[in-house]
Amino acid sequence: IPELSRIDEGRDIVLGIRSEAIEVGEPEHGTPATVKQVFMNGKEILYLLQVGNQEFRATLKSDTLHETGEKLWIHLKRKGVHVYDRETEEKICFTAG
């Protein structure tokens with residue numbers, strides 16, 4: 001996401017990522033994530049994913065059902081990512097897509 005490159009190196013930040021801002025992609029373009037839980041919610045499927053020690057939710061397309069324990073390759077869409085300064089909690093930037 002190009003907007004993130006404008007943040008000063010070493011700055012302590014917090015990423016706010018909307019669950020819709022995560023997509024499944026190919027291994028060469030993604031980060032490995034493990035499906036921890038699956039929640040069926042009508043047309044949408046909400047997944048609890050884990051990358052390293054971090055767990056987060058992702059709303060993924062319902063054309064493919066992923067199973068608990070499955071390894072996915074994920075990446076962020078441009079829209080739905082917000083960056084905050086950890087100390088001041090001020091929004092530094094967001095991506096509009």
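**A tour of the salt bridges and the core**

Select R11 and D85 first: the two form a salt bridge, and their closest N and O atoms sit 3.0 Å apart. This pair links distant parts of the chain, with R11 in the segment before β1 (13-17) and D85 in strand β7 (residues 81-85), 74 residues apart. Keep in mind as you click around that this is a predicted model.

Now switch on a surface and check both partners. R11 is partly exposed at 35% relative accessibility. D85, on the other hand, is buried, because its relative accessible area is 11%, and buried means under 20%.

Next, pick R86 and D12. Here's another salt bridge, with 3.2 Å between the closest N and O atoms. R86 lies in the loop between β7 and β8 (91-94), while D12 is in the segment before β1, so this pair ties together parts that are 74 residues apart in sequence. How accessible are the two ends? R86 has a relative accessible area of 47% and counts as partly exposed; D12 is partly exposed too, with 46%.

How many salt bridges does a search of the whole structure find? Three. To see the one still missing from your view, select R18 and E20, whose side chains meet with an N to O distance of 3.0 Å. R18 is partly exposed at 49% relative accessibility, and E20 is partly exposed at 35%.

Time to leave the charges and head for the nonpolar side chains. Select I22, A33, V35, I45, Y47, L49, A58, L60, L72 and I74 and show them as spheres: these ten residues make up the largest nonpolar core. Which strands should you colour to see where the core comes from? Try β3 (31-41), β4 (44-51), β5 (54-60) and β6 (71-76), since each of them supplies at least two residues. Of these, β4 gives the largest share of the core, three residues.

For a last stop, zoom in on A58, one of the core residues. What does A58 touch, leaving out residues up to four places away in sequence? The list is S19, I22, I45, L46, Y47 and L49. Among these neighbours, I22, I45, Y47 and L49 are also members of the largest nonpolar core. Leave A58 and its contacts on screen, including S19 and L46, then bring back R18 and E20 with their salt bridge to take in both stops in one view.

Definitions and conventions
Residues are numbered from 1 along each chain as its sequence is written. This is a predicted model: local features need pLDDT of at least 70, side-chain atom pairs count only at pLDDT 80 or more; totals for chains, interfaces and linings use all residues. Side-chain values use heavy atoms; hydrogens and water are left out. A salt bridge is a side-chain nitrogen of Lys or Arg within 4 Å of a carboxyl oxygen of Asp or Glu. Helices (H or I, at least four residues) and strands (E, at least two) are DSSP runs, numbered from the N terminus. Buried means under 20% relative accessible area, exposed over 50%, partly exposed in between (1.4 Å probe, protein chains only). A nonpolar core is a set of buried Ala, Val, Leu, Ile, Met, Phe, Trp, Tyr and Cys residues joined through side-chain atoms within 4.5 Å. Contact means heavy atoms within 4.5 Å.
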